[in-house]
Amino acid sequence: MTVRRTRREFLQTVAAASAASPTILRAQTSAARPIAANDRVRLAAVGVGIRGQQDVRSALKTPGVELAAVADVYDGRLALAKEVWGNQIVTTRDYREVIARADVDAVLIATPDHWHRQIAIDAMKAGKDVYVEKPMVQDLDDGALVIEAARQTGRILQVGSQHPSSIVYAKAKELFRGGAIGEINLVEAWINRNSPTGAWQYSIPPDASPQTIDWDRFIGRAPKRPFDPVRLFRWRNYRDYGTGIPGDLFVHLFTAIHFVVDALGPTRAIAMGGLRYWHDGRDVPDVMLALYDYPKTDKHPAFTLSLKVNFAEGAGDNTTFRFVGPEGVLTIGDSVVLSKRGRASEPGHTADTFAKATEEAFLKDYRAKYPDKPQLRAGHDEVYAAPPRYNSTEDHFRNFFDAVRTRRPVLEDAVFGLRAAGPALLANYSYFENRPIGWDADKMTRTTVGSH
Ligand SMILES: NC(=O)c1ccc[n+]([C@@H]2O[C@H](COP(=O)([O-])OP(=O)(O)OC[C@H]3O[C@@H](n4cnc5c(N)ncnc54)[C@H](O)[C@@H]3O)[C@@H](O)[C@H]2O)c1
């Protein structure tokens, strides 16, 4: 008799699983101790657009952190900084003025990607610790320069991709390392969106003009162009300033996967996709899929990674990871779900496809080996959720400011940052060069494909 899970048994298992009440994870809280005057950290923010504002709000949740100065190339954002954080905030269009200030200890960089390298290096050379938004760099060649500047100056650098500070991803890592799914063989991750702002069509302020914007300082190292506010406020749509889907979104997926699995990176990448829906003048795809091979290391077996971002799918934003092993699957979304695989007490067989005498001979042996009635050990789900309103970015800043105060390492330093940004950027190389690309995760350099 072939042992199969009937549809009914399956439905019972699923019902039991979905009824599983979540375990609520404990959020970190800062020790409620008074902060001495010399323990205060004075922060300057460079780029206070959408993310810069969220970051400053999150940073100020760490006790003893104060916002001292803001730099942004658009005057409207400088006006907003004073509206939100007070008139005492020093504001300027020129980031070099804020990193030169003696009363600034740390610099948050939330500009478009093409400025990350330069501002991070300038800030570290000015003696400041740095929290730089992801992707750490726009180009692979920038990576070694940032790593070297951090090493030479001894400054703290944290990359702002927050999953490694999240209690949800910490739980996933604990379950993974504890062997919950067995030897990993596949990781799948995707982010789907289906809205104009989700697809980077951000609002253009009506006062945007060459008078209110320092256009040349936005352009920086990118090719010179006449003033065009769309390129500033929707910079992600252009390769000159952004990194497309890979640097914007794949990088978060790499950060989380490398954190959970303790992986250094893949050996090769291949990406496909296209501009399918948002025909608004952008020069980057709005659908991208990429495959990566990860080699066996002493931390994990070899596995394959599949990534997908689609800006015209489904009904809303979602980010999902599936870490797949023979014993179960870890799914991470807003919470972690460990789905343990059900197991039959015997392997089952296909002897009824043999000639009669052969089937009987087979079954004689089989029943001798498995004399008991077949049993099905049902699978089950365990759900671990963060408390309501949990914000992992606040924990990521707490980790940064702890490092600033204690000089202990951060969770996501420049090397970690390049190990996440590098494989993400490979997807761009593969897509635009129309071929697979090799990667040496140890040296963090491109290689010739075929060396895996
Ligand atoms: N960690 C996350 O979850 C997350 C989420 C969103 C964005 N980000 C990252 O944050 C960064 C900013 O993204 P955003 O969505 O806030 O973009 P945004 O366009 O809303 O903000 C960028 C700001 O930088 C300013 N700017 C441009 N060039 C500048 C320069 N040379 N000096 C000073 N200011 C300059 C712009 O005027 C704007 O106010 C990007 O690198 C992005 O990848 C991270």
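# Close-up views of a predicted model

**View 1. Surroundings of Glu 188 in strand 8.** Glu 188 is partly exposed, with a relative accessible area of 22%; the term covers values between buried (under 20% relative accessible area) and exposed (over 50%), found with a 1.4 Å probe and with protein chains only. The structure shown is a predicted model, in which local features need pLDDT of at least 70 and side-chain atom pairs count only at pLDDT 80 or more, while totals for chains, interfaces and linings use all residues. Residues are numbered from 1 along each chain as its sequence is written, and side-chain values use heavy atoms, with hydrogens and water left out. Strand 8 spans residues 186-192; strands (DSSP runs of E, at least two residues) and helices (runs of H or I, at least four residues) are numbered from the N terminus. Not counting residues up to four places away in sequence, Glu 188 touches Ser 306, Thr 320, Phe 321, Arg 322 and Val 324, where contact means heavy atoms within 4.5 Å. With one of these residues, Arg 322, the side chain of Glu 188 makes a side-chain polar contact at 2.5 Å. A polar contact is a pair of N or O atoms within 3.5 Å; within protein, one atom must be able to donate a hydrogen and the other to accept it, and residues adjacent in sequence count only if both atoms are side-chain atoms. Ile 109 is 79 residues from Glu 188 along the chain, and the C-alpha atoms of the two are separated by 30 Å.

**View 2. The open sheet of 11 strands.** The strand order is 1-17-14-13-12-8-11-10-9-18-19, and the pairing is mixed. Strand 1 (23-24) and strand 19 (445-447) are the edge strands, each of which pairs on one side only. Two strands pair if DSSP finds at least two bridges between them. Strands of a sheet pair through backbone hydrogen bonds, either parallel or antiparallel. Strand 1 and strand 17 (residues 380-385) run parallel and are joined by two bridges. Here Ile 24 stands opposite Ala 385 of strand 17.

**View 3. The shell around the ligand.** Which residues come nearest to the ligand? Among the 27 residues around the ligand, they are Arg 51, Asp 72, Lys 134, Gly 160 and Trp 235; a residue is near if one of its heavy atoms lies within 4 Å. An oxygen atom of the ligand is 2.9 Å from a polar backbone atom of Ile 50. Side-chain N or O atoms also approach ligand oxygen atoms, at 2.9 Å for Arg 77 and at 2.8 Å for Trp 235. Taken alone, the ligand exposes 850 Å², of which the protein buries 94%; accessible areas come from the Shrake-Rupley method with a 1.4 Å probe, and for residues only the protein chains shown count as cover. Helix 2 (50-59), helix 8 (215-219) and helix 10 (244-261) are the elements that give two or more residues to the shell. Helix 2 gives the most, with three residues. By type, the shell divides into 10 nonpolar, eight polar and nine charged residues. In this grouping, Ala, Val, Leu, Ile, Met, Phe, Trp, Tyr, Cys and Pro count as nonpolar, Asp, Glu, Lys and Arg as charged, and the others, Gly among them, as polar.

**View 4. Helix 2 and its cover.** The buried residues of helix 2 are Gly 52, Gln 53, Asp 55, Val 56, Ser 58 and Ala 59. Their cover includes strand 2, strand 3, helix 3 (75-85), strand 5 (106-109), strand 6 (129-133) and helix 12 (392-406). Strand 2 (residues 41-46) is itself mostly covered, with five of its six residues buried. Six bridges pair strand 2 with strand 3 (residues 65-71) in the parallel sense, and Val 46 has Ala 71 of strand 3 as its bridge partner.

**View 5. Thr 255 and Gly 244 in helix 10.** Is Thr 255 buried or exposed? Its relative accessibility is 1%, so Thr 255 counts as buried. A polar side-chain atom of Thr 255 lies 2.8 Å from the backbone oxygen of Val 251. Beyond its neighbours within four places in sequence, Thr 255 is in contact with Ser 161, Pro 164, Glu 412, Phe 416 and Ala 420. Gly 244 is buried as well, with a relative accessible area of 4%. Gly 244 touches Trp 200, Arg 236 and Val 284, not counting residues up to four places away in sequence.
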